[in-house]
Amino acid sequence: MGNPGATLSAYRDMRSQHEVILAAAKRGPLQTLTDRELDVREQPVTIYPRPAAVRAWVRFGPEAVRVEAKVMRSTPLAAGIEFRAGEQTFRCWVWGNAVQLADEA
C-alpha cells in the first residue's frame, strides 16, 4: 500500500517549493539567457521528446531559487527548462552547469 507518511512529506515539500517560487516571482521577473548568450544561429539546439527531470538554479530578479524542472531543449552550453508552481508554468534558459539530473541531486 505504500508509505502514506512519505507521500504526505513529498507533497508538503512540493507545496513548500511552489510557495518559494511564487514568492520569488513576485519580487522579480524570471531571468533567462539572451539570444546573444545562446548563440542559436551558430549552436545546434536539441529538442527532447521525453524531457529529463532535473534540479536547476534559476533567478527571479536578483533572487536565486533551486527548482525541480524538466529539460525541454539544450545547446552545448545551455538548457531550456520548464517548471511549475501552482497553476503557473515557467520557462527559461539557464547555463548548463546550473542543471543537475534529479537522481544525482
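In this predicted model, Phe60 and Phe83 are both buried. The two rings pair up edge-to-face, with 6.4 Å from centre to centre and 85 degrees between the planes. Phe60 belongs to strand β1 (residues 46-60) and Phe83 to strand β3 (residues 78-85), so this contact ties together parts of the chain that sit 23 residues apart in sequence. Phe83 has a second ring partner as well: the centres of Phe83 and Phe90 are 5.2 Å apart and their planes meet at 15 degrees, so this pair counts as stacked. Phe83 comes out at 2% relative accessibility, and is therefore classed as buried. Phe90 is also buried, at 10% relative accessible area. Put together, the ring pairs link Phe60, Phe83 and Phe90 into a cluster. Across the whole structure, the search turns up three aromatic pairs.

The strands that carry these rings are worth following next. β3 pairs with strand β4 (residues 88-95) in the antiparallel sense, over eight bridges. The two make a hairpin with two residues between them, and Gly86 in the turn has a positive phi of about 60 degrees. Along this ladder, Glu82 stands opposite Arg91 of β4. The side chains of these two also get together: Arg91 forms a salt bridge with Glu82, with 2.8 Å between the closest N and O atoms. Arg91 is exposed, with a relative accessible area of 57%.

β1 has pairing partners of its own. With strand β2 (residues 63-74), β1 pairs in the antiparallel sense over 11 bridges. Here too the strands form a hairpin with two residues between them, and Gly61 takes a positive phi near 60 degrees. β1 is also joined to strand β5 (residues 99-101), again running antiparallel, by three bridges.

Arg55 is a handy residue for seeing how β1 fits between these neighbours. In β2, Arg55 has Glu68 as its bridge partner, while in β5 the bridge partner of Arg55 is Gln100. The Arg55 side chain adds a charged contact, forming a salt bridge with Glu68 in which the closest N and O atoms are 3.6 Å apart. That pair links distant parts of the chain, with Arg55 in β1 and Glu68 in β2, 13 residues apart. At 24% relative accessible area, Arg55 is partly exposed.

In general, side chains of opposite charge can pair when their charged atoms come close. The structure holds three salt bridges. One of them reaches from a helix to the sheet strands already described: Arg27 and Glu63 meet through their side chains at 2.7 Å, N to O. Arg27 lies in helix α1 and Glu63 in strand β2, so the salt bridge ties together parts that are 36 residues apart in sequence. Arg27 counts as exposed, with 53% relative accessibility, whereas Glu63 is partly exposed at 24%.

Helix α1 also makes polar contacts with backbone atoms elsewhere in the chain. Gln17 lies in this helix, which covers residues 4-27. A polar atom of the Gln17 side chain sits 3.3 Å from the backbone oxygen of Arg66. Gln17 is buried, with a relative accessible area of 14%. His18, likewise placed in helix α1, points its contact at a turn already mentioned. The side chain of His18 reaches the backbone nitrogen of Gly86 at 3.2 Å, and Gly86 is the residue with positive phi in the turn of the β3 and β4 hairpin. At 17% relative accessibility, His18 counts as buried.

Back at the surface, there is a nonpolar patch to note. Val40, Val45 and Ile47 make up this patch, with about 250 Å² of accessible area together. Val40 is found in the loop between α2 (35-38) and β1. With 41% relative accessibility, Val40 counts as partly exposed.

Notes:
Residues numbered from 1 in each chain as written. Predicted model: local features only at pLDDT ≥ 70, side-chain atom pairs only at ≥ 80, totals over all residues. Heavy atoms only, no water. Phe/Tyr/Trp six-rings, centres within 6.5 Å; stacked < 30°, edge-to-face > 60°. Helix = DSSP H or I, 4+ residues; strand = E, 2+ residues; numbered from the N terminus. Buried < 20%, exposed > 50% of the residue type's maximum accessible area, 1.4 Å probe, protein only. Patch = residues over 30% accessible without salt bridge, like charges linked within 9 Å, V, L, I, M, F, W, Y side chains within 5 Å. Areas by Shrake-Rupley, 256 points an atom, 1.4 Å probe, with all protein chains shown as cover. Salt bridge = Lys/Arg side-chain N within 4 Å of Asp/Glu carboxyl O. Pairing = 2+ DSSP bridges. Polar contact = N/O pair within 3.5 Å; in protein donor to acceptor, adjacent residues only side chain to side chain.
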